[in-house]
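Grab a pencil and let's work through a few short exercises on the protein shown below. Try each task yourself before you read its solution.

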Amino acid sequence: TGVFPLSTGGMAFACGCGQAGRIVTKHHQAQADPAEYSRLPLRLVLISIAGLWLTYFVLITVRGLIVGLELQEALLWRRLMVCLAGGGITFGMWLVLRLVDSCSLAVKTATALVVALPAALMIAQTNQMVFADVQEQMIRKIGEQQGVVFRRDEAGNLLVDIPPVPTPAETPNGVGPEGDDLDTRTFVIAPAPIGIERWRQLTDIAIGRYFLLLAWAALYLALLAGAQARASQAREERFRLAAKAAELRSLRYQISPHFLFNTLNSLSSLVITGKDSRAEAMIQAVSNFYRHSLAEEPTEDVALEDEIALQRDYLAIEEVRFPKRLLAAIDLPEELERARVPGMILQPLVENAIRHGISVLPKSGRVELRASRRGEQLVIEVRDDGPGPGGPPMGGG
């Protein structure tokens, strides 16, 4: 007796072999290039990059508000430009990292450490270019607040002009002894960055961006490891299902050699004894049986009426072998004809019923196939009135 759960729109056999057929068929194309399924999806990469630079933008903006930086509006859109450029540079860094996705963790880590260096320098250079003019604005504003003048000379040095502070005795009216204004003194407070000094400033900015990029690279490698682990599990599952499908095919094609051997012997006897009509009927039944049994995909579910039709062909063959000894009865309600069951699920049961039940009887025997509905379950029974487990042993199988 086999019990099958019902499903919407029909009945499905819920067990490993039935599901294996559907899953193997579904993933047949996916097996062509399993390496593609171990890579991180582009959408997830873009989300991680956007999340990194959005977080950086928010943190730097909040920091600027806390410390009270001037010119917040001017800083805001420039900071956004740097973050957008940083996102593009990080994406380029990912294009290099993905080339070593299939390599060892040591190679991927070393690649991230190396690639992050030029990427950080590019971001630092972009930062300097974008904030160059606003830096000058901030210097001038500080000078106005302090009552001094900041300016740059032709060489790019930052200068400050400070007038001398005279004593009241020297300049009671704010002018010199001869009526001239007091001389203004000029100091160099920041020489123009050239050569190694320029690289030092650039490197100072790049170091912070370098560790930021390494943080993203660590996140990427962690996500990639998870994706590769899931892909490995999926491949293992596909191999397991493929092995199960191969086993099902083997069972499907392994129709009992005894059955074929005995059928050919029976045909030979019918031909020798001149029973041509019975021999012709048996040949037709054998042809129908093998055409139906070998035509369907072994791992696919079939309609119950098709499975029963296959067993009708099989019983027709056996009825010729056991004339007047085999009586077959099939009860299949119309509402259950389209129920889905694994192909050949009844074949070994019917075969055993005849081989171990009917063939050992000295008189006629009966084999019944019955399908019924029990609540939300499909119940299929194969019965025979042979000797049962207490009868004589048959073969070594």
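**Exercise 1: a residue on a helix**

V62 is partly exposed, with a relative accessible area of 40%. Your task: find the helix that holds V62, and place V62 in a surface patch.

Step 1. Get the ground rules straight: this is a predicted model, where local features need pLDDT of at least 70, side-chain atom pairs count only at pLDDT 80 or more, and totals for chains, interfaces and linings use all residues. Residues are numbered from 1 along each chain as its sequence is written, and side-chain values use heavy atoms, with hydrogens and water left out.

Step 2. Know the scale: buried means under 20% relative accessible area, exposed over 50%, and partly exposed in between (1.4 Å probe, protein chains only).

Step 3. V62 sits in helix 2, residues 42–67. Helices (H or I, at least four residues) and strands (E, at least two) are DSSP runs, numbered from the N terminus.

Step 4. Together with L54, V58, I66 and V67, V62 forms a nonpolar surface patch with about 480 Å² of accessible area. Patch members have over 30% relative accessible area and no salt bridge (a side-chain nitrogen of Lys or Arg within 4 Å of a carboxyl oxygen of Asp or Glu); nonpolar side chains are joined within 5 Å, like charges within 9 Å. The areas come from the Shrake-Rupley method with a 1.4 Å probe, and for residues, only the protein chains shown count as cover.

**Exercise 2: inside the protein**

Which residues touch the most other members of the largest nonpolar core, and which helix gives the most to this core?

Step 1. A nonpolar core is a set of buried Ala, Val, Leu, Ile, Met, Phe, Trp, Tyr and Cys residues joined through side-chain atoms within 4.5 Å.

Step 2. This core has 34 residues, and L304, I354 and L378 touch the most other members.

Step 3. Helix 8 is the top contributor, with 7 residues.

Step 4. Don't miss the second, separate core: its 31 residues include V45, W94, A120 and W216.

**Exercise 3: an aspartate in helix 8**

Is D313 buried or exposed, and which residues is D313 in contact with, beyond its neighbours within four places in sequence?

Step 1. D313 lies in helix 8.

Step 2. D313 is buried, because its relative accessible area is 15%.

Step 3. Contact means heavy atoms within 4.5 Å. Leaving out those sequence neighbours, D313 is in contact with A285, N288, F289 and H292.
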